[in-house]
Amino acid sequence: MAVRPIRVFGDPVLKSVCAPIGDIDEGVRALVRDLVDTVELPGRAGVAANQIGVGLRAFSYNIDGDIGYVLNPVLVEVSGEPEAIGEGCLSVPGLWHDAVRYPYAKVVGLDLDGNELVLEGEGLLAQALQHETDHLDGKLYLDRLTPEGRRVAMREIRESDWF
């Protein structure tokens with residue numbers, strides 16, 4: 001169990017589609033422990049496996065103190081009128097921009113016992129479900145910005161002290 005370092009923009013693992021988890025073995029259990037430990041830090045709403053350098057379909061979440069994880073998540077439903085909402089990302093530190101998200105989202109996946117796990121909600125949970133499944137599909141929230149917003153974000157990245 002460990003808090004793992006977060007990979008940042010420019011790391012190829014963030015643009016790679018994550019592989020589905022097959023057998024739920026001790027390695028997967030250790031990954032989940034690390035994801036949960038890593039998301040527990042203040043100010044974190046979610047951490048996808050590729051953000052800690054692991055190319056498997058899993059993420060953890062921390063929404064209003066409710067901490068959990070899901071394996072092989074699939075975004076099965078979104079609804080409502082998409083809206084631009086302020087969003088940041090641990091892999092793009094210090095930036096905050098409006099990304100287009102649906103107000104409701106539902107993810108279906110598995111728990112560590114192989115049982116179906118359903119996560120659904122509105123507001124920050126909906127935003128996090130969409131954000132984290134995007135990560136597992138090799139997308140960053142920057143991909144959801146308007147062209148002008150993306151230009152501004154890319155300039156901010158180039159000017160950042162971490163890039």
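**Notes on a sheet with helices across it**

1. Let's start in the middle of things: strand 2 and strand 3 pair in the antiparallel sense, with 6 bridges between them. Within this pairing, Asn62 sits opposite Ile67 in strand 3. The hairpin that these two strands form has 2 residues between the strands, and there Asp64 takes a positive phi near 50°. Keep in mind that you're looking at a predicted model.

2. Now zoom out to the sheet. It is an open sheet of 5 strands in the order 1-2-3-6-7, with antiparallel pairing. Strand 1 (46–48) and strand 7 (116–122) are the edge strands; each has a single partner strand, so one side of each has no neighbour in the sheet. From one strand to the next, the twist averages 40°. As a bit of background, strands of a sheet pair through backbone hydrogen bonds, either parallel or antiparallel.

3. Next, follow the order onwards from strand 3. Strand 3 and strand 6 run antiparallel and are joined by 6 bridges, with Leu75 opposite Val107 in strand 6. Strand 6 (residues 104–110) is in turn joined to strand 7 by 7 bridges, again running antiparallel. Here, Tyr104 stands opposite Glu122 in strand 7.

4. What lies across the strands? Helix 1 (residues 26–39) lies across strand 1, strand 2 (58–63) and strand 3 (66–79), running at about 30° to strand 2. Helix 2 (residues 123–136) lies across strand 1, strand 2, strand 3, strand 6 and strand 7, and its angle to strand 7 is about 125°.

5. One residue to click on is Gln130, which lies in helix 2. Is Gln130 buried or exposed? Its relative accessibility is 5%, so Gln130 counts as buried, given that the cut-off for buried is under 20%. Leaving aside residues up to four places away in sequence, Gln130 touches Leu75, Val78, Arg101, Tyr102 and Ala105. You've met Leu75 already: that's the residue opposite Val107.

6. Finally, the whole chain. There are 3 helices and 7 strands, and from the N terminus on they run α-β-β-β-β-β-β-β-α-α. The radius of gyration is 15 Å, which agrees with the value near 15 Å for a compact globule of 163 residues. The C-alpha trace spans about 45 × 35 × 25 Å along its principal axes. Of the 163 residues, 47% count as buried. Among contacts with a separation of 6 or more, 64% come from residues 24 or more positions apart.

Technical notes: Residues are numbered from 1 along each chain as its sequence is written. This is a predicted model: local features need pLDDT of at least 70, side-chain atom pairs count only at pLDDT 80 or more; totals for chains, interfaces and linings use all residues. Side-chain values use heavy atoms; hydrogens and water are left out. Two strands pair if DSSP finds at least two bridges between them. Helices (H or I, at least four residues) and strands (E, at least two) are DSSP runs, numbered from the N terminus. Axes are lines fitted to C-alpha atoms, for helices over the stretch in contact, and angles run from 0 to 180 degrees between N-to-C directions. Contact means heavy atoms within 4.5 Å. Buried means under 20% relative accessible area, exposed over 50%, partly exposed in between (1.4 Å probe, protein chains only). The radius of gyration is taken over C-alpha atoms; the globule rule is 2.2 Å times the number of residues to the power 0.38.
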